[in-house]
Amino acid sequence: MCNKFDTKAIREGYQSTNEQEHSEAIFMTSSFKFDSAEQAAAIFSKEEPGNIYARFTNPTVAAFEKKLATLEGAQTCLATSSGMAAIFATIMALVKPNEHIVASRNMFGTSIVLLNTIIKKFNIAVTYVDLSDLSQWKNAVKDNTKLFLLETPSNPLGEVVDITMLSKISKPNDILLSVDNAILSPALQTPISLGADIVIHSATKYIDGQGRCLAGAVLSNKEIIEQISNFARTTGPSLSAFNAWIVLKGLDTLNLRMKAHCDNAFKVATWLEAQPQIKKVYYLGLRSHTHHQLAKTQQLGFGGIVSFEVKGGKIAAFKLINATEIFSITANLGDTKSTITHPATTTHGRLTDKERLSVNITDGLIRLSIGLEDIDDLIADIKI
Ligand SMILES: *Cc1c(COP(=O)(O)O)cnc(C)c1O
């Protein structure tokens with residue numbers, strides 16, 4: 001009965017208590033009590049299932065984990081306090097000192113900072129490669145390579161890698177392939193079905209979708225999630241029950257919202273592409289995008305991120321951004337509210353001029369995260 005995405009997104013994951021509540025309850029409790037000393041002993045020794053302490057498990061968090069696992073087609077899920085907490089816990093649990101990671105050069109900025117600073121202290125080396133270039137991934141593999149880390153599509157330019165082809169490089173080498181799926185969400189892409197071993201989420205983005213809280217998740221098989229859970233329950237990046245409830249309710253409307261984000265983004269991108277003053281538009285849904293065909297084969301939609309380059313560099317870009325009245329000037333994305341940002345001086349500001357240009361983040365580039373406002377109002381707000 002419960003096998004289609006929207007039914008699962010609304011019905012899976014939660015069993016009501018004896019109070020017969022129709023909507024999910026928020027279990028705001030740090031610890032759980034036992035009927036007897038015997039039961040406490042049985043639950044502590046894992047002979048019996050049960051909650052002990054919210055750093056380990058909480059029913060509201062568990063409902064979110066179960067629902068997201070179903071939607072991603074994963075055996076199981078661990079929710080975390082943020083997307084970064086999920087990425088950190090995954091690396092720390094699965095990669096040992098003197099092992100090696102191959103990572104995509106154009107991942108989320110803080111993921112790169114994490115690898116280059118904190119992870120580096122554990123003597124874990126990283127080789128960066130161009131996301132779409134399979135031969136670079138292959139050539140970067142060493143005897144001690146443990147993990148492939150990437151996001152597809154990349155943000156802000158929408159580069160894509162063929163996940164199935166990449167898994168044919170990782171699997172024979174016993175490398176775990178981890179895909180950050182925050183930009184599309186399981187409504188538009190399920191990396192595990194394409195051959196990935198691990199999916200990571202910043203649920204802060206489209207899963208909440210309304211800019212209310214931070215949350216993260218990592219999904220995989222039971223054995224891998226057990227290792228990551230053991231790391232998390234000892235170090236404490238647990239998701240709060242309240243934030244779990246927000247993202248749990250976010251999943252109810254995820255598919256509907258993603259369709260609307262895709263529709264609005266396609267219309268904005270098509271309109272921008274027709275404007276002579278615009279040098280280039282980057283949106284995977286446009287035929288002009290280099291990775292349009294590949295995206296079509298592994299994604300169910302093209303998402304809500306549209307980037308474009310104006311003539312006149314930084315001055316023209318700042319002018320356009322400052323002239324908007326509806327778009328929020330913020331680097332966040334995946335919100336019902338549309339946002340606008342200048343990557344070269346914000347998300348990619350830490351790069352040198354040369355590094356920025358090598359990844360096509362020019363001074364005239366503007367990134368939009370298209371929200372759910374009326375499309376005519378949004379287009380009218382972009383004054384070229
Ligand atoms: C925002 C983001 C993150 C980090 O998530 P937080 O919830 O902010 O910690 C990781 N990956 C991607 C692709 C993101 O967009």
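Author: Two strands count as paired if DSSP finds at least two bridges between them. With that in hand, this predicted model has five strands in an open sheet, ordered E8-E9-E12-E11-E10, with mixed pairing.

Reader: What makes E8 and E10 the edge strands?

Author: Strand E8 (278-282) and strand E10 (328-329) each pair on one side only.

Reader: How do you know that E11 and E12 pair, and in which sense?

Author: Count the bridges. Strand E11 (residues 339-341) and strand E12 (residues 365-369) share three bridges, and the cut-off is at least two, so they pair. The sense is antiparallel. For one of the residues involved, look at Ile340: its bridge partner in E12 is Leu368.

Reader: Which helix lies across E9, E10, E11 and E12?

Author: That's helix H13 (residues 313-323), and it runs at about 130 degrees to strand E9 (305-310).

Reader: Over to H4. How do you know that its length fits a helix?

Author: Helix H4 covers residues 83-94, twelve residues in total, and at 1.5 Å a residue they should span 16 Å. The end C-alpha atoms are 17 Å apart, which agrees.

Reader: Why is H4 called mostly covered?

Author: Buried means under 20% relative accessible area, and nine of the twelve residues in H4 are buried. Among them are Gly83, Ile87, Met92 and Leu94.

Reader: What makes Ser82 a cap for H4?

Author: A side-chain oxygen of Ser82 lies 3.4 Å from the backbone nitrogen of Met84, at the N-terminal end of H4. The limit for a polar contact is 3.5 Å, so the pair qualifies.

Reader: Which residues surround the ligand?

Author: Ser82, Gly83 and Met84 are on the list, which also includes Phe108, Glu151, Asp180, Ser202 and Lys205.

Reader: What makes the approaches of Gly83, Asp180 and Ser202 to the ligand polar contacts?

Author: Set each distance against that 3.5 Å limit for N or O atoms. For Gly83, a backbone N or O atom lies 2.8 Å from a ligand oxygen. For Asp180, an N or O atom in the side chain is 2.6 Å from a ligand nitrogen. For Ser202, a polar side-chain atom lies 2.9 Å from a ligand oxygen.

Reader: And Ser178: why is this residue called buried?

Author: Ser178 has a relative accessible area of 1%, and the cut-off is under 20%, so Ser178 counts as buried. The residue is found in strand E5 (residues 176-180).

Reader: What does Ser178 touch there?

Author: Leaving out residues up to four places away in sequence, Ser178 touches Leu147, Phe148, Leu149, Leu150, Ile198 and Ile200.

Conventions
Residues numbered from 1 in each chain as written. Predicted model: local features only at pLDDT ≥ 70, side-chain atom pairs only at ≥ 80, totals over all residues. Heavy atoms only, no water. Helix = DSSP H or I, 4+ residues; strand = E, 2+ residues; numbered from the N terminus. Expected span 1.5 Å × (residues − 1). Buried < 20%, exposed > 50% of the residue type's maximum accessible area, 1.4 Å probe, protein only. Polar contact = N/O pair within 3.5 Å; in protein donor to acceptor, adjacent residues only side chain to side chain. Contact = heavy atoms within 4.5 Å. Axes fitted to C-alpha atoms, helices over the stretch in contact; angles between N-to-C directions. Near = heavy atom within 4 Å.
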